[in-house]
Amino acid sequence: MLKQLFASALACLCIAQAANAQTIPNTDQSKFRQLWNELPTPNNYRSASGAPGHQYWQQKADYVINVKLDDKTRSVTGDERITYTNNSPDVLRYIWVQLDQNIFEKNADSKLSEPSGFGNEAMSIDNLERMVYSDFKGGYRIDAVNDAAGKKLKYTINKTMMRIDLPTPLRTGGKFTFQIKWFNYINNMNKDGGRGGYEYFEKDDNVLYEMAQWFPRMAVYDDVWGWQHKQYLGRGEFALDFGDYEVNISVPTDFVVASTGELKNQAECLNTTQLSRWNKAKTSKVPVEIITQKEAEENEKSRATTYKTWKYKAENVRDFAWAASRKFIWDAMLVNVEGKNVWAMSYYPKEGNPLWGQYSTKVVAHTLKSYSKHTIAYPYPVAISVHGPVFGMEYPMISFNGGRPDADGTYSERLKYGMIGVIIHEVGHNFFPMIINSDERQWSWMDEGLNTFCQYLAEQEWDRNYPSSRGEPAKITDYMKSDKKAQVPIMVNSESALQFGNNAYGKPATGLNILRETILGRELFDFAFKTYSQRWAFKHPHPQDFFRTMEDASGVDLDWFWRGWFYTTDHTDISLKSVNSYAFSADPNKVAEFKKLKRAQGEISISDIRNKTDIPQSLIEADPSLLDFYNSYDALNPTERDKKESATMIAELTPNQKEIIKTNWHAHLLEFDNIGGLVMPLIIKMVYEDGSDTIVRLPAEIWKYDNVKTSKVLVTPKKVVEFQLDPFQETADCDLSNNNMPRKIVPTQLQLYKQRRQGRESTNPLRESKAKTANPIGN
């Protein structure tokens, strides 16, 4: 009897698990079906491994630009000479040029196509003023489009794009050189918006310019889209080819310029003292001020009428940006990045101190080291952080970043970490997409999501207690369980994404963190991620190249993860539905004791309880003559035969089997429900009677036979008193209330909010601290 009980208990568990496994076959409804229909077919240009194919190609665009800044009219006049190389196998009869400044034209699609409405029957007076009285004359004035010999070329402007018809077809390997002359006014960033522009400082009557998308740029022609000439509407950023740049920037003599590339005429732009500081910065371990705050403040008072030209060169970059102002403080240091010395620099007005002088350049240096470790070694000679009106934008070697202290020099904790975070993020964009050059116009997540993931890594390396807002799975759950009508999959065009910050930044970054920590592990993930970065550095990757490389280099089929996390709006909500525990024993008396306890638990009913009072004495209790053998017989009591069979069975057991019986192992049947739709690995924490615990990790393939239900038998050497699913909150499970057995009460969101409110600090504790120090009496 006992041997049968021991064997049948395990058999029942196995049969139950097998029956559950056969519920849904691996059909078109399976979460584990391959991405055959979703991903383009590999070809000679893009291989099945995710690497560039043996016939991969991309175009090249080289620029020689002269630009002059007019501080009085706040405008620029420029001329450029573009040499376009056709490396494609196609014959081109026209080319497309991007005119991003045309987004500021009065009837631009960016304005007309943006849905609008009234929130709570109210409207901002600032927005109303902008709609009624906007007088900014934005957009390009194209003065000339000529070939290399100065002959006019036929061109057609289509909003933010310009088609230039070629005089003769441009064949494979051919080059075409042409010239464009243009003029445009510069937008007031705080009034007109945009990704660049100027900020006016009324107190000292100065302007700070951050120049982005400031010149006509070649559109991309590639093997996936042909010409990528989707109109620029503002959110979907840029698709650009690599090239070499020579840029001459003419500004008033008292202006300081920060720019993509290397400054080639330092001696003409800096005085002797500044050049000496420049040389000192080459060997300093801390930032050295090339231009001090005192000098910047003196410079603010100047009003030069003459011009000076700052000459820059940049090789193998996809874009070019610059900034200029009288107000700039400039500090710099050389930092060793993977064996190469790189300039880390910051330019900022005095309004940025003390934060910017203390942190900016050191954050730049830290970012270069962190990202280089996880992707590729930073290849450029310089990385710059500029503080001005743009809170966060990125370009090769230069970024525009926010984070300005209050007028008294104090700042909140949130502002400090917001500033550090945005510098890490925007400097990190040098890697994605400035080097690993994805198509931002189509796929925002390929640069924003991957960059936000690396930002999270860099933040944690900066400070173990860094309050990262994105990256941790628990921080994306509110978004993922929100109204599905307000969500779209990650794999949508940039302009169509809803809740853009969560969709393009937070969710992809969190997904990569889950891959790294839970699905692949750090070793496999880091190798695969680095392989992707190395394969596609200075090339044009698309989503299929990333997905395939991550699988190719890790040796793990991740189609189920890409499908669920990137192609759907499903969320993680896995419930530990039930746990049935089984104890094994070779002692017939213990077996009988356990069965009797189970019987007693099942037999107690409300009628039994009430009958004890309503029936004072039963008939059989009143008349003992009715009793016979079966009134005292209990079928659960072990017989002599049972005891003999038990002894025989034990004698026949192997040493390992005897050890199992001796240790008194327990078996547990765990049943899980997939409520949210996403399949995920199951991480199970088992807490024993003695307070110790064990973590069991089951791969996502536990769901391979059934998307909705699964089960697993776990065997333990000790009695388990608690089971907890996803104990470290690493799968973005949106409902923790169904993760424990026995169930636990989880504080509601309202309770957590009250707890935060009660312990919340004031918005600027630094100011209060200084005030308290200055006036200790009565505080």
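This is a short walk through the structure, from its overall build to a few local details. The model is predicted.

Start with the whole chain. It has 779 residues, and 51% of them count as buried. The chain holds 23 helices and 30 strands. Its C-alpha trace spans about 125 × 80 × 60 Å along the principal axes.

Now look at a pair of helices. Helix α9 covers residues 413–428, and helix α10 covers residues 445–462. The two pack with their axes 9 Å apart. The angle between them is about 130 degrees. Angles from 115 to 145 degrees fall in the oblique range, and α9 and α10 are therefore oblique to each other. Their crossing is right-handed.

Next come the charged contacts. Side chains of opposite charge can pair when their charged atoms come close. In this model the count comes to 40 salt bridges. Three of them are worth a visit.

Begin with Lys 327 and Glu 300. Their closest N and O atoms are 2.6 Å apart. The pair links distant parts of the chain, 27 residues apart. Lys 327 sits in the loop between β18 (322–325) and β19 (329–337). Glu 300 belongs to helix α7, which covers residues 293–300. Are these two residues buried or exposed? Lys 327 counts as buried because its relative accessibility is 0%, under the 20% limit. Glu 300 is buried too, with a relative accessible area of 7%.

This pair does not stand alone. Lys 327 and Glu 300 belong to a network of salt bridges that also takes in Asp 204, Lys 350 and Glu 351.

Move on to Lys 596 and Asp 634. Their side chains meet in a salt bridge, with 3.8 Å from N to O. Lys 596 lies in helix α16 (residues 588–603), and Asp 634 lies in the loop between α19 (629–632) and α20 (640–652), so the bridge ties together parts that are 38 residues apart in sequence. Lys 596 is partly exposed, at 29% relative accessibility. Asp 634 is buried, at 16%.

The third pair joins two strands. Lys 709 and Asp 673 meet in a salt bridge, at 3.2 Å from N to O. Lys 709 is in strand β28, residues 709–716. Asp 673 is in strand β25, residues 666–674. The two residues are 36 residues apart, and the bridge links distant parts of the chain. Lys 709 is partly exposed, with a relative accessible area of 35%. Asp 673 is buried, with a relative accessible area of 16%.

Turn from charge to a nonpolar part of the surface. Which residues form the nonpolar patch there? They are Met 123, Ile 125, Leu 128, Met 131 and Val 132. Together they have about 520 Å² of accessible area. Leu 128 gives a way in: this residue lies in helix α3, which covers residues 125–133. Leu 128 counts as partly exposed because its relative accessibility is 38%, between the limits of 20% and 50%.

Finally, look at the backbone. Most residues other than glycine have a negative phi, and most peptide bonds are trans. A few places here depart from that pattern.

Two peptide bonds leading into proline are cis. One joins Asn 353 and Pro 354, with omega about 10 degrees. Pro 354 is in the loop between β20 (340–348) and α8 (355–374). The other runs from Met 741 to Pro 742, with omega near 0 degrees. Pro 742 is in the loop between β30 (740–741) and α22 (749–759).

Two residues have a positive phi although neither is a glycine. Asp 726 has a phi of about 55 degrees. Ala 732 has a phi of about 60 degrees. Where do they lie along the chain? Asp 726 is found in the loop between β29 (720–725) and β30. Ala 732 is found in the loop between β29 and β30 as well. Asp 726 is buried, with a relative accessible area of 4%. Ala 732 also counts as buried, at 1% relative accessibility.

Key:
Residues are numbered from 1 along each chain as its sequence is written. This is a predicted model: local features need pLDDT of at least 70, side-chain atom pairs count only at pLDDT 80 or more; totals for chains, interfaces and linings use all residues. Side-chain values use heavy atoms; hydrogens and water are left out. Helices (H or I, at least four residues) and strands (E, at least two) are DSSP runs, numbered from the N terminus. Buried means under 20% relative accessible area, exposed over 50%, partly exposed in between (1.4 Å probe, protein chains only). Patches are made of residues with over 30% relative accessible area and no salt bridge: like charges are joined within 9 Å, nonpolar side chains (Val, Leu, Ile, Met, Phe, Trp, Tyr) within 5 Å. Accessible areas come from the Shrake-Rupley method with a 1.4 Å probe; for residues, only the protein chains shown count as cover. A salt bridge is a side-chain nitrogen of Lys or Arg within 4 Å of a carboxyl oxygen of Asp or Glu. Axes are lines fitted to C-alpha atoms, for helices over the stretch in contact, and angles run from 0 to 180 degrees between N-to-C directions. Angles under 35 degrees count as roughly parallel, over 145 as roughly antiparallel, 65 to 115 as roughly perpendicular and the rest as oblique. A crossing is left-handed if the near helix is turned anticlockwise from the far one by less than a right angle, and right-handed if clockwise.
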